[in-house]
Amino acid sequence: MPSEESVEHRSSYENCNDALLRSKHPTNALFSFSGENDRGKIVLDIIIRISLSTLVSYPGEKDLQALTCYQLLHGLVKRKSIITHLVTLDSWRDLANAFANERVILSLNAAHQRSLAQTLTVSACGMKTPESSNEYIRSLTSHMTAYLVELSSKNDLKAIAQQPDIILLVSCLLERLRGVARASEPRVQNAIYQMGFSVMNPVLTFLQTYKDESVVVYLLLKFVTDWVEGQIIYLEAQETAAVVEFCMRLLQLYSAHNIGKISVSLSNSLRTEADADKYKDLRALLQLLSNLCSKDLVDFASEPIEAYGTNISQVVYTGLHIITPLITPELLKYPKLCHSYFSLLSHLLEVYPEIIEQLSVEAFSHILGTLDFGLHHQDVEAVDLCLRAVKALASHHYKDRGAGKIGLGSHATSYNDPNGNFHESVLSRLLRSLMQLLLFEDYSTELVSSAADALLPLILCEQSVYQKLASELIERQTNPVFRFRLRNGLQSLTTSNNLSSTLDRINYQRFRKNLHSFLEDVCGFLRTV
C-alpha cells in the first residue's frame, strides 16, 4: 500500500497538472500552485533531485551537465527567498554530501566543479545563523582540504604526484576551492579563511612539486588570487600578517624555480604555447598583487597591520622584481594583461612611490621601458593608466626634492657610463616621450587632461630639459609666422592663467586649460610642416 505521504505528493502533482491544463496562462497557474501549502518546496525538491541524477548518472553528457551547473543550479541561488527554502531540503543536503564525499562527482569537468562549489557555497547565506552557515562551509570543504594536506605530506609525493590520476584529482580539488573562495562574503568569511589557511603549506609544496606542470601552477595561483581577493579586507591584523607572509613565500618560490621564463632557443610554435602559459601566470600574479594592495584602500580590521610588523609594500616590491623582467612588449599586446599590468603599476606608484627608489637599475629601467611603450599604445585606457603612473612618479620626485629628500635618487640623474655613453634621466626621457606624443602622434582628445596632469610635474622637475626641447622645436620652424606662434604658445603653456610651481588641484586645472589652448593653436601646423 502506498504511504500517506506519497499519496499526498501524488495528489499535489495531479492538482498541478490539472490546473495547468485548464488554465490559458500556465505560468500563472504554476506560480499559484507553488505559492500554496509549501508546494513550491515540492517543485524545488524535484529540480534538485533531477539535477543530482544528471550529475551522477550521465557522466558523458557534458552539455547537459553544463546546463545543470551554470544555469539551473546557479539560477536557484540568485534569490534569497528561494535559498532559505532550498537549504532546508533533504535533496539539497544530499547534493552537498555527494559533492563533498562521492568520487563520481570528480568525473565532472573541472570548470563545472568550480561552478557547483560556488553555487553550494552561496546557498550558505540562506541558513538561519552565521554559525550554521560557517559549519556548513566547513563540512563542505573539510574532505577536500584534508586530502590535500595528507597528499602534500607524503614522503613519496614526488613519485606519485606525476601520476595522471593524481594530477587530475589535485586540479579538480583546486578548482573546487576556487569556487568556494569566489563565493566569499562576510557571513561565511571565517570558514573560508580557515579553508585557505589550512592549505597554505600544501599550496607551496604543490607549487614546488608541479613546477613543470603549467596547468597546475596556474590553478594554484588562481586559487590563491581568488581567496585573497575575497578575504583581505575583512582580516584582522594578525590574520593579514599570515596571508602576507604566505604570499611573500609564494612569490619567492615562483621566482626561485624560474617558472614562466621562456628560452630563446625554443621554436616559434613552442614559444607561442609558452607565451600563453606565461601570460596566464603573470596575469594571476598581477591580480594577486592588486588584491593585496586593496587592503590599503578598504580595511575593516580593528587595528593597523603594522602592529604585527607587516608591510604590504614589501610584498609588492618583491612581486615587482619578479614580474617586471617577464613583461615584454609582445605580452603587453594581450589586452587583459596589458590593462592588469598598467592598472597595478599606476596604483603602486600612486600609493607606494617609495618602493621605486629601492628597485635595481635593471628593474627600474624595465618599468620605464614598459611605461614608454604604454604611452604610445592604441588602447585609450592603457595610455590613461600610464599617464597616471607618470604623474605619480614625477610628482613624488618633485615633492620629495622640495622637502629636502632624495626623491627618485640616482634614477632621476643623467650620467655617462664607463664607455662614455650618455644615459638620460628617467624623467627627461618621459618628458621627451610625452611631448612627442602630444605634438606629433595621434591620440584621443579624452587623454589631454590626463596628459596635462603628467606633463606639469615633469616640466617642474626638468625645466632645463623643457627649455631645450622648446628651443629645438622653435629652431626647426622655417616659417616666421609659425615660429612666432610656437614661441608664444610654449611660453603661454607655462605662464598663462597665473600658473605657479605648486602641484595642487587649482594649479593642475590651470595647466589643463593652458595645454588645451596650446594644442589647439600649434598642432595643426606642426603636423603638416
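The following dialogue works through a few descriptions of this predicted model and the reasoning behind them.

Student: What makes helix 21 and helix 24 roughly perpendicular to each other?

Tutor: Helix 21, residues 448-461, and helix 24, residues 505-526, pack at an angle of about 110 degrees, with their axes 9 Å apart. Angles of 65 to 115 degrees count as roughly perpendicular, and the two helices are therefore described in that way.

Student: Which residues of the two helices make the contact?

Tutor: Helix 21 contributes V448, S449, A451, A452, D453, L455, L456, P457 and I459, while helix 24 contributes N507, Y508, F511, R512, L515, H516 and L519. Sorted by class, this contact of helix 21 with helix 24 has eleven nonpolar, three polar and two charged residues.

Student: Why is N507 called buried?

Tutor: The relative accessibility of N507 is 0%, and the term buried applies under 20%, so N507 counts as buried. This residue is placed in helix 24, and, with its neighbours within four places in sequence left aside, N507 is in contact with L456, N498, L499, S500, S501 and T502.

Student: How do you know that the side chain of N507 makes a polar contact with the backbone oxygen of S500?

Tutor: The side chain of N507 reaches that backbone oxygen of S500 at 2.8 Å, and a polar contact requires a suitable pair of N or O atoms within 3.5 Å, so the pair qualifies.

Student: Why is T318 buried or exposed, and which of the two words applies?

Tutor: T318 has a relative accessible area of 14%, which is to be set against the limit of under 20% for buried, and therefore buried is the word that applies to T318. T318 lies in helix 16, residues 312-323, and touches M248, L251 and Q252 when residues up to four places away in sequence are not counted. The C-alpha atoms of T318 and L359 are separated by 9.5 Å, although these two residues are 41 residues apart along the chain.

Student: What makes W227 stand out in the largest nonpolar core?

Tutor: That core has 169 residues, and W92 and W227 touch the most other members. Residues up to four places away in sequence aside, W227 touches A181, I192, Y193, M195, G196, F197, M200 and V243.

Student: How many helices and strands does the protein chain have, and what share of its residues is buried?

Tutor: The protein chain has 24 helices and two strands, and buried residues make up 48% of its 529 residues. Among contacts in the protein chain with a separation of 6 or more, 74% are between residues 24 or more positions apart.

Conventions
Residues are numbered from 1 along each chain as its sequence is written. This is a predicted model: local features need pLDDT of at least 70, side-chain atom pairs count only at pLDDT 80 or more; totals for chains, interfaces and linings use all residues. Side-chain values use heavy atoms; hydrogens and water are left out. Axes are lines fitted to C-alpha atoms, for helices over the stretch in contact, and angles run from 0 to 180 degrees between N-to-C directions. Helices (H or I, at least four residues) and strands (E, at least two) are DSSP runs, numbered from the N terminus. Angles under 35 degrees count as roughly parallel, over 145 as roughly antiparallel, 65 to 115 as roughly perpendicular and the rest as oblique. Contact means heavy atoms within 4.5 Å. Ala, Val, Leu, Ile, Met, Phe, Trp, Tyr, Cys and Pro count as nonpolar, Asp, Glu, Lys and Arg as charged, and the others, Gly among them, as polar. Buried means under 20% relative accessible area, exposed over 50%, partly exposed in between (1.4 Å probe, protein chains only). A polar contact is a pair of N or O atoms within 3.5 Å; within protein, one must be able to donate a hydrogen and the other to accept it, and residues adjacent in sequence count only if both atoms are side-chain atoms. A nonpolar core is a set of buried Ala, Val, Leu, Ile, Met, Phe, Trp, Tyr and Cys residues joined through side-chain atoms within 4.5 Å.
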